[in-house]
Amino acid sequence: MTEMKKDTQDFTKIELKDEERQPCEIWTRVMGYHRPVSSFNIGKQGEFGQRRYFEEGRCGCN
């Protein structure tokens, strides 16, 4: 059986100029449906920035 060698490239060396980048659009669930954060008014954008995210730990049972 022949061994296949993977072509490994170091992707950490890729650098983009600012004009080559594109903005990342963040979506979130609001009032039961998903919307882009960029469409929020200034107050709702502020609320989004102050959110705390829930992280559930393991149960101490057993």
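**Asking how each label is earned**

The accessible surface of the protein chain comes to about 7100 Å², and 50% of that surface belongs to carbon and sulfur atoms. The model discussed here is a predicted one.

Biologist: What makes up the protein chain in terms of helices and strands, and in what order do they run?

Modeller: The protein chain has 1 helix and 2 strands, and, starting from the N terminus, these elements follow the order β-β-α.

Biologist: Why is Thr28 called buried?

Modeller: Thr28 has a relative accessibility of 10%, and the word buried is used for values under 20%, so Thr28 counts as buried. Of the 62 residues of the protein chain, 10% count as buried.

Biologist: Which residues does Thr28 touch, leaving aside those up to four places away in sequence?

Modeller: Thr28, which lies in strand S1, touches Tyr33, His34, Arg35, Val37, Phe40, Phe48 and Arg51. With Arg51 there is also a polar contact between the two side chains, at 2.8 Å, a value that falls within the 3.5 Å allowed for such a contact.

Biologist: How do you know that the side chains of strand S1 alternate?

Modeller: In strand S1, residues 27-30, Thr28 and Val30 point to one face and are buried, whereas Trp27 and Arg29 point to the other face and are not buried. This fits a general pattern, because in a regular strand the side chains alternate between the two faces of the sheet.

Biologist: Why are S1 and S2 said to pair, and which residues stand opposite one another?

Modeller: Pairing requires at least two bridges between the strands, and S1 is joined to strand S2, residues 33-36, by 4 bridges, with the two strands running antiparallel. Thr28 stands opposite Arg35 in S2, while Trp27 stands opposite Pro36 in S2. The hairpin of S1 and S2 has 2 residues between the strands, and in this hairpin Met31 takes a positive phi near 55°.

Biologist: What makes the pair of Glu47 and Lys44 a salt bridge?

Modeller: The closest N and O atoms of Glu47 and Lys44 are 3.3 Å apart, and the cut-off is within 4 Å, so the pair qualifies as a salt bridge. Glu47 and Lys44 are 3 residues apart in helix H1, residues 42-49, which means that about one helical turn separates them. Glu47 is partly exposed, with a relative accessible area of 46%, and Lys44 is partly exposed as well, with 30%.

Biologist: How many salt bridges does the structure hold, and why does the pair of Asp18 and Arg21 count as one?

Modeller: The structure holds 2 salt bridges. The side chains of Asp18 and Arg21 meet with 3.8 Å from N to O, and this value is again within 4 Å, so the pair counts as a salt bridge. Asp18 has a relative accessibility of 65%, which is over 50%, and therefore Asp18 is called exposed.

Biologist: How many disulfides are found, and are Cys24 and Cys59 buried or exposed?

Modeller: A search of the whole structure finds 0 disulfides, meaning that no pair of cysteine sulfur atoms lies within 2.5 Å. Cys24 has a relative accessibility of 72% and Cys59 one of 55%; since exposed means over 50%, Cys24 counts as exposed, and so does Cys59.

Note on methods
Residues numbered from 1 in each chain as written. Predicted model: local features only at pLDDT ≥ 70, side-chain atom pairs only at ≥ 80, totals over all residues. Heavy atoms only, no water. Buried < 20%, exposed > 50% of the residue type's maximum accessible area, 1.4 Å probe, protein only. Areas by Shrake-Rupley, 256 points an atom, 1.4 Å probe, with all protein chains shown as cover. Polar contact = N/O pair within 3.5 Å; in protein donor to acceptor, adjacent residues only side chain to side chain. Contact = heavy atoms within 4.5 Å.
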